[in-house]
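Here is a short briefing on one structure. Look over the sequence and the fold before reading on.

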Amino acid sequence: MKYLSHLAPSKIRNKRALVRVDFNVTLDGRGRILDDFRIKACLSTIRHLTKRGAKVVLISHLSKSQMTLDKKKNQKAGLRGISRYLGRLLGRKVFFAPNCRGEETRKAVSGLRAGEVLLLENLRFCPEEEKNGAGFARELAGLADFYVNDGFAVSHRAHASVAGVTKYLPSFAGLLLEREMKNLDRPLKNPFRPLAVVIGGAKVSTKIKLIENFLRKKADVLLGGVIANTVLCAKGLSLGKSLVEPEIIVKLRKLNLPDTRIHLPIDVLVSRGNGRTMAVSRAIGRVKKEDIIFDIGPETAELFGKIIKEAKMIVWNGPMGYFEKKEFSRGTAAIARSVAASRAFSIVGGGDTAIILRKLGLLGRYSFVSTGGGAMLEYLAGKKLPGIEALKNNRIKME
Ligand code: ADP
Ligand code: MG
């Protein structure tokens, strides 16, 4: 793989760099940025290029869920607001092209001078982006002399701007992508032991492979959230009306569930099915028919805390409970504090997990916070990510 950090400044000067970033940030109904973590994470690459006199063409998507938050006013919300915000962060003007293809866009690019930055409009306004259309990939490539992937969080997608475009340009991993790979490789290739992997959250199906991968690596796997429910259910415990992912139970039975390395909640907080969300604590095995499990209990938090304290390396993704409700956020907060207090090398990631850590003011207390949600899960599961494979296979030399 070729890295931007290894590319000689003389090769960068006056060249047009097409840089895939992930500015798919959370916006409110009026298009205001609620969370700039992913934008900030790309600054090092952008500055690296501007300092060396590249003409920087940034490309990104904004997902549909962000585009249509306010159906009336904001239907076509794109990246213009983000270009202004980026300008403030960089302390320089960021030009904006209201389209990601076509004649006007080509003109905007050819007007760039060394060290200037241009952001193109949302790639997903163009349907060929997600279909990885060769025509669109070639058109994007035509805008630049070389390509940089700095959008780790979208690298699990075989889209035109992530994978397709590398067929036509010398292609490099950006500084953020390089940081992500180096840090996430540590628990995979060179773990300190004991290694503790804490997994919670709701999207169980996306997390099973990761759990399998780390069990093979002899990690302690600590489970909370819907994934813990689903495993407890697979073991035959009654969980009342708690959320489980039934399709996963068959897959789970293939895991060695009596494995002493899988740590499950020993107590939980439930909401009783009477409409009130009062948090009542229950030992596992004593969950009643009308109960809904919404958090790990205090004894579990303590037990998990001990394992975390012993660990020399920790990976954490996914909240331990329904943290959006204050009375069910304690388990997640306890884990967040345990990991923050530990001297182990700690990696955290996941969209919802990052939201909680920011709220708790703990984001700066971990060794590495990944910008990836799905991409981080797939990487840690040992899967090959299309965006990263495309860079590895790129044989096109810089002139
Ligand atoms: P991340 O984005 O960090 O990877 P997920 O998207 O997988 O995490 O899951 C986050 C969601 O899981 C949150 O909305 C949270 O309320 C929900 N959740 C966690 N535990 C439970 C539970 N026991 N019952 C219902 N929802 C839960
Ligand atoms: Mg999520």
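Gly-87 sits in helix α5. The model is a predicted one. The points below start from this glycine and its helix, then move to ligand 1, Asp-35 and the salt bridges.

**Gly-87**

- Is Gly-87 buried or exposed? Gly-87 is buried, because its relative accessibility is 11% and the cut-off for buried is under 20%.
- Which residues does Gly-87 contact, once neighbours within four places in sequence are set aside? The contacts are Arg-92 and Val-94.
- Val-117 lies 30 residues from Gly-87 along the chain. The C-alpha atoms of these two residues are 9.0 Å apart.

**Helix α5 around it**

- Helix α5 covers residues 80-90.
- Gly-87 shares its buried state with other residues of this helix: Ile-82, Ser-83, Tyr-85, Leu-86 and Leu-90 are buried too.
- Several elements help to cover these buried residues. Among the helices are α2 (37-41) and α3 (43-51). Among the strands are β2 (55-59), β3 (94-97) and β4 (117-120).
- Gly-91 comes just after α5. Its phi is positive, at about 70°.

**Ligand 1**

- How many residues surround ligand 1? There are 21.
- Which of them come nearest? They are Ala-202, Lys-207, Glu-324, Asp-352 and Thr-353.
- By class, the shell has 8 nonpolar, 9 polar and 4 charged residues.
- Helix α11 (225-234), strand β12 (291-296) and helix α15 (351-359) each supply at least two residues of this shell.
- Lys-207 places an N or O atom of its side chain 2.8 Å from an oxygen atom of ligand 1.
- Asp-352 has a polar side-chain atom 2.8 Å from an oxygen atom of the ligand.
- Ile-293 takes part through its backbone: one of its polar backbone atoms is 3.2 Å from a nitrogen atom of ligand 1.
- On its own, ligand 1 has 580 Å² of accessible area, and the protein covers 89% of that.

**Asp-35**

- Where is Asp-35? Asp-35 lies in the loop between β1 (16-20) and α2.
- Asp-35 is buried, since its relative accessible area is 18%, against a cut-off of under 20%.
- A polar atom of the Asp-35 side chain lies 3.2 Å from the backbone nitrogen of Phe-37.
- The side chains of Asp-35 and Arg-358 are joined by a polar contact of 3.1 Å.
- Leaving out residues up to four places away in sequence, Asp-35 touches Val-25, Thr-26 and Arg-358.

**Salt bridges**

- How many salt bridges does the structure hold? It holds 16.
- Side chains of opposite charge can pair when their charged atoms come close.
- Residues three or four places apart in an α-helix point the same way, because the helix has 3.6 residues a turn.
- Arg-106 pairs with Glu-103, with the closest N and O atoms 3.2 Å apart. Both belong to helix α6 (residues 103-110), and they are 3 residues apart, so about one helical turn separates them.
- Arg-106 is partly exposed, at 36% relative accessibility. Glu-103 is partly exposed as well, with a relative accessible area of 47%.
- This pair is part of a network of salt bridges that links Arg-101, Glu-103, Arg-106, Glu-128 and Glu-139.
- Asp-185 and Lys-189 form a salt bridge at 3.5 Å, N to O. They are 4 residues apart in helix α9 (residues 175-189), so about one helical turn lies between them.
- Which partner is buried, and which is exposed? Asp-185 is buried, with a relative accessible area of 18%. Lys-189 is exposed, at 66%.
- Glu-302 and Lys-306 form a salt bridge, with 4.0 Å between the closest N and O atoms. Helix α13 (residues 298-310) holds both, 4 residues apart, so they are separated by about one helical turn.
- Both Glu-302 and Lys-306 are exposed.

Key: Residues are numbered from 1 along each chain as its sequence is written. Chains are lettered from A and ligands numbered from 1 in the order in which they are written. This is a predicted model: local features need pLDDT of at least 70, side-chain atom pairs count only at pLDDT 80 or more; totals for chains, interfaces and linings use all residues. Side-chain values use heavy atoms; hydrogens and water are left out. Buried means under 20% relative accessible area, exposed over 50%, partly exposed in between (1.4 Å probe, protein chains only). Contact means heavy atoms within 4.5 Å. A salt bridge is a side-chain nitrogen of Lys or Arg within 4 Å of a carboxyl oxygen of Asp or Glu. A residue is near a molecule or strand if one of its heavy atoms lies within 4 Å of it. A polar contact is a pair of N or O atoms within 3.5 Å; within protein, one must be able to donate a hydrogen and the other to accept it, and residues adjacent in sequence count only if both atoms are side-chain atoms. Accessible areas come from the Shrake-Rupley method with a 1.4 Å probe; for residues, only the protein chains shown count as cover. Ala, Val, Leu, Ile, Met, Phe, Trp, Tyr, Cys and Pro count as nonpolar, Asp, Glu, Lys and Arg as charged, and the others, Gly among them, as polar.
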